[in-house]
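Trainee: Could we go through some labels together? I'd like to see how each one is earned.

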Amino acid sequence: VRYCMGDKHAELVLSYDSATGGTDPSAKVICRTQEEWVTTGVYWAVGQHVSVATGNAYSDFLIGFERKRTPNYMLHKAVYPTMLCAYFGLCTSLVPSSELEGRLSLLLSLFLTIYAIQWVTSDRMPRTSDLTKVDQLVSAVVVYLVSIATSSVALAIAERRMLLNESEVEA
């Protein structure tokens, strides 16, 4: 039995004895992993059913696959880039406070990058009304970047007022 998982194929090896109706419990899945999904279980059952319309009995072979997400995909595609943007936000403190425009343009670029990361990865996230861990991280980093921008503006205003006060005192 072969089945497709996105861009990779997997081969399921089962043995079934039709004479006795028995299955070999040593089924295995070959080529189990795919980027963000891993096949964790394969289940099968042999049964029979009778058609209500004709009364004929049929043999059934049912198979199911259990898959789960691996965290590595979201770590590499969302969490690490978002944390890197937070780090670069901290690095804006190295820009002189007299160059407020430079600081704010860098913070705005990081803010847009955060939302671009979220937009790209949201297609792979489950649809839920609750915030996922990635959404919580993005929200925290956005608040962090906004607080850095606000403090940068407040610092620039305070420095300009101090300069004005000093120039008035000298005059």
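Mentor: Happily; here are a few labels, each set against its cut-off, and keep in mind that this is a predicted model.

Trainee: What makes Cys-85 buried?

Mentor: Its relative accessible area is 5%. Buried means under 20%, so Cys-85 earns the label.

Trainee: And why is Cys-91 called partly exposed?

Mentor: Cys-91 has 23% relative accessibility. Partly exposed lies between the 20% limit for buried and the 50% limit for exposed, so the label fits Cys-91.

Trainee: How many disulfides does a search of the whole structure find?

Mentor: Zero. To count, a pair of cysteine sulfur atoms has to be within 2.5 Å.

Trainee: Why is Ser-59 called exposed?

Mentor: Ser-59 comes out at 60% relative accessibility, and exposed means over 50%, so Ser-59 is exposed. Ser-59 sits in strand β8, residues 57-69.

Trainee: Which residues does Ser-59 contact, leaving aside neighbours within four places in sequence?

Mentor: Gly-47 and Gln-48. The C-alpha atoms of Ser-59 and Gln-48 are 4.4 Å apart, though eleven residues separate the two along the chain.

Trainee: How do you know that the span of α2 is close to the expected value?

Mentor: Helix α2 covers residues 100-122, which is 23 residues. The expected span is 1.5 Å times one less than the number of residues, giving 33 Å for α2, and its first and last C-alpha atoms are also 33 Å apart.

Trainee: What do the buried residues of α2 pack against?

Mentor: They pack against α1 (72-91) and α3 (133-170). Among those buried residues are Leu-107, Leu-110 and Ile-114.

Technical notes. Residues numbered from 1 in each chain as written. Predicted model: local features only at pLDDT ≥ 70, side-chain atom pairs only at ≥ 80, totals over all residues. Heavy atoms only, no water. Buried < 20%, exposed > 50% of the residue type's maximum accessible area, 1.4 Å probe, protein only. Helix = DSSP H or I, 4+ residues; strand = E, 2+ residues; numbered from the N terminus. Contact = heavy atoms within 4.5 Å.
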